[in-house]
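Biologist: I am new to this structure and would love a close look at a single part: the place where the protein meets the DNA. Could you walk me through that part in one go?

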Number of protein chains: 2
Amino acid sequence: MTVLMPTIIEVAALAGVSTATVSRVLSRPEQVSEDTRLRVLAVVRETGYAPNVAARSLRTLRAAKILLTVPDISNAFFASVIRGAEEAARDAGYSVVVGDTRHDPEVEDQYADMLSRREVDGLIFLGHRLPASLAPLMARRGIAAPIVNGCEYSPDLGVPSVHIDNAAASADAIGHLIGLGHRRIGVVTGPEISPISRDRLAGAIDAATRAGLRDGLHIRVGDYSAGPAVVHTRDLLAQDVTAIFCFSDEMAMGALSAIGDAGLSCPNDVSVIGFDDLPLARYFQPPLTTIAQPKAMIGRRTVELLVDILRGVDSPSRQVTLDHELIVRSSTAAPARAPARRRR
Amino acid sequence: MTVLMPTIIEVAALAGVSTATVSRVLSRPEQVSEDTRLRVLAVVRETGYAPNVAARSLRTLRAAKILLTVPDISNAFFASVIRGAEEAARDAGYSVVVGDTRHDPEVEDQYADMLSRREVDGLIFLGHRLPASLAPLMARRGIAAPIVNGCEYSPDLGVPSVHIDNAAASADAIGHLIGLGHRRIGVVTGPEISPISRDRLAGAIDAATRAGLRDGLHIRVGDYSAGPAVVHTRDLLAQDVTAIFCFSDEMAMGALSAIGDAGLSCPNDVSVIGFDDLPLARYFQPPLTTIAQPKAMIGRRTVELLVDILRGVDSPSRQVTLDHELIVRSSTAAPARAPARRRR
DNA sequence: GATCCGAATGTAAAGGATTACATCGGATAT
DNA sequence: ATATCCGATGTAATCCTTTACATTCGGATC
């Protein structure tokens with residue numbers, strides 16, 4: 001290992017070939033005779049040479065980087081998506097730049113500028129907002145723009161996306177509760193602006209309506225985080241619901257906390273069902289019944305979709321729907337005969 | 001917004017100046033007369049021009065990027081550190097590339113190569129291993145190498161780092177339990193190889209020894225994750241401990257789960273204390289007593305340290321110790337008079 | 001033996017920004 | 001009026017790689 005990384009020129013000189021040949025050995029080895037190839041490779045190994053990415057990127061107009069923005073990086077759900085995306089990206093020769101937008105449109109725009117500036121080749125965003133500064137690009141390139149959405153499928157965005165069937169998943173959750181005998185069910189949603197939350201709500205209402213229990217649904221608007229869910233749960237308990245469906249496991253955690261605080265017990269007095277199947281969900285008290293999303297796979301497929309676009313591959317599907325799964329643990333049970341009443 | 005991003009040459013032509021002047025307007029505005037500056041800025045705004053980062057990076061040998069590797073991105077603890085790092089990086093004009101090494105030395109090496117290749121300007125690693133491929137760089141540049149560690153302070157690494165006083169924090173936790181009257185205390189540590197875990201263990205043993213309770217400490221080696229902590233907790237309950245100190249909140253969650261499974265209750269039968277103060281810790285059942293680490297601040301300070309190094313600033317301190325705090329919630333209480341016995 | 005072909009390799013332009021150095025013009029000093 | 005200086009700007013080299021096009025050479029074809 002030399003003090004400074006050698007350039008392709010030095011490698012070429014040492015191997016007694018031109019820089020073009022060195023470059024070819026590294027990127028299109030089949031074009032080079034075996035003799036030459038081995039000689040060059042030996043020099044590369046000796047010197048520890050690695051191509052300068054800036055020069056390469058300048059010449060090729062490719063950055064070999066993908067920007068992945070998440071609305072809240074401290075949300076465990078996104079962590080798994082990121083992991084899946086990183087793995088897929090590495091497989092495809094890209095690295096991932098993770099951007100935490102903190103739900104801030106201004107920050108979203110800042111990150112989106114990296115795409116305009118060609119600092120990254122493509123963008124995957126897990127929120128529901130397409131950054132404003134990308135509108136011209138979308139208008140120009142449409143579906144061929146190197147932009148992919150994860151989770152928050154929204155047809156009017158016109159962006160390829162990877163997601164589960166949120167309405168169906170939600171219907172499964174409600175169906176599970178109704179099947180257990182619940183008739184008064186609380187629902188804690190995500191923000192109203194979130195398409196994902198709207199889909200889930202539609203699915204829940206639909207399932208309840210089909211069972212003739214539309215009026216048994218008590219809906220509260222949450223924001224996927226635990227704090228507000230605690231408040232909503234208190235409120236729902238006052239409505240004598242026997243079960244609560246939270247649109248995220250974090251909110252389910254808040255619900256369990258509120259149920260305990262109220263002197264009630266889950267699932268004896270109130271059942272709780274979550275959404276996401278976080279790694280910790282099985283360690284909740286009681287272990288949480290929830291809808292599992294294939295988090296890592298969502299990350300992986302968004303990257304694959306994006307890489308297809310970057311390579312100009314005509315992918316058959318620009319909307320990928322992955323399977324969800326209802327994971328039944330111990331936080332759901334048949335309701336007690338008499339409606340639960342809060343003690344103390 | 002034109003179809004293709006214009007180059008500095010076009011901007012220069014439109015503004016009737018040389019490319020040098022455009023460049024100066026953007027990076028050293030004080031060197032340019034106000035007239036010219038305003039004229040150039042107007043053209044920049046009109047055309048939506050932004051410098052090509054590859055060209056800039058090629059010329060300046062700076063990538064304006066920092067690589068941040070974490071051993072496990074799905075661990076909520078790291079999420080907060082990442083967020084702090086990203087914010088600080090953006091403040092300093094850098095963006096952060098997050099790498100998830102999954103505790104895999106090979107992946108660590110792959111990421112470290114990005115530094116050798118000058119793909120990033122510096123590296124922050126949150127694990128305890130300095131990637132092997134960086135040894136030559138460290139040997140050459142020593143403390144001036146653009147490498148910083150977060151959390152896992154290890155003097156022999158010779159790398160600047162940002163961390164809390166883990167031994168003292170751990171002693172605080174044990175002191176809290178002893179103060180409540182606990183005499184048989186379980187400790188679930190991190191992996192033996194983790195310096196952070198060793199420091200915490202040393203602090204715990206030290207505190208117990210000072211109180212004459214060295215023999216009351218029952219130590220089990222965990223790995224910061226919930227699963228193994230469940231098993232260790234079962235084991236510790238069989239030893240009739242009245243309190244358990246876990247070196248991470250995730251493990252505390254596992255402990256709580258195991259305590260519930262054993263038909264015991266926290267804190268009545270067994271107290272539990274964690275480490276990290278994850279955002280969700282307050283929603284555990286019961287709300288978790290834990291040691292708070294300034295997670296975001298750790299991220300922020302690592303970046304600041306690294307940026308100082310990159311700028312050649314002679315920072316006074318290469319080891320930053322941040323404050324921790326014992327957060328007392330409801331998972332710790334005085335032990336019951338009679339030693340807890342497992343029911344059923 | 002001349003011609004052609006193709007595989008292997010070389011030459012040199014291009015990619016876009018930064019910056020050391022050169023130049024210019026006007027103000028200041030003498 | 002001349003010499004000097006300084007601020008503002010321009011010129012052109014440089015960063016390193018990729019790749020279109022040119023060249024070379026041995027072998028096949030006629």
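Modeller: Happy to! Around DNA strand D there are 27 residues, and A:Ile8, A:Ala20, A:Ser23, A:Ala55 and B:Ala20 come nearest. A residue is near a strand here if its C-beta atom, placed from the backbone, lies within 6 Å of it. This is a predicted model, in which local features need pLDDT of at least 70 and side-chain atom pairs count only at pLDDT 80 or more, while totals for chains, interfaces and linings use all residues. Residues are numbered from 1 along each chain as its sequence is written, and chains are lettered from A and ligands numbered from 1 in the order in which they are written.

Let us see which elements supply that surface. Helices H1 (8-15), H2 (19-27) and H4 (53-60) of chain A, along with H2 (19-27), H3 (34-47) and H4 (53-60) of chain B, each give at least two residues to the surface near DNA strand D. Helices (H or I, at least four residues) and strands (E, at least two) are DSSP runs, numbered from the N terminus. The most comes from H2(A), with 6 residues. Sorted by class, the surface near DNA strand D holds 10 nonpolar, 12 polar and 5 charged residues. Here Ala, Val, Leu, Ile, Met, Phe, Trp, Tyr, Cys and Pro count as nonpolar, Asp, Glu, Lys and Arg as charged, and the others, Gly among them, as polar.

Now turn to the other strand. DNA strand C is surrounded by 29 residues, and the closest are A:Ala20, B:Ile8, B:Ala20, B:Ser23 and B:Ala55. At least two residues each are supplied to the surface near DNA strand C by H2, H3 (34-47) and H4 of chain A and by H1 (8-15), H2 and H4 of chain B. For DNA strand C, H2(B) gives the most, with 6 residues. The classes on the surface near DNA strand C are 12 nonpolar, 12 polar and 5 charged.

Both chains take part in these surfaces, and they also touch each other. In chain B, 40 residues are in contact with 41 residues of chain A; contact requires C-beta atoms, placed from the backbone, within 7 Å. On the side of chain B that touches chain A, H4, helix H5 (76-91), strand E2 (95-100), helix H7 (135-141) and helix H11 (249-261) of chain B each supply at least two residues. That side of chain B divides into 22 nonpolar, 10 polar and 8 charged residues.

Conventions:
Contact = placed C-beta atoms within 7 Å.
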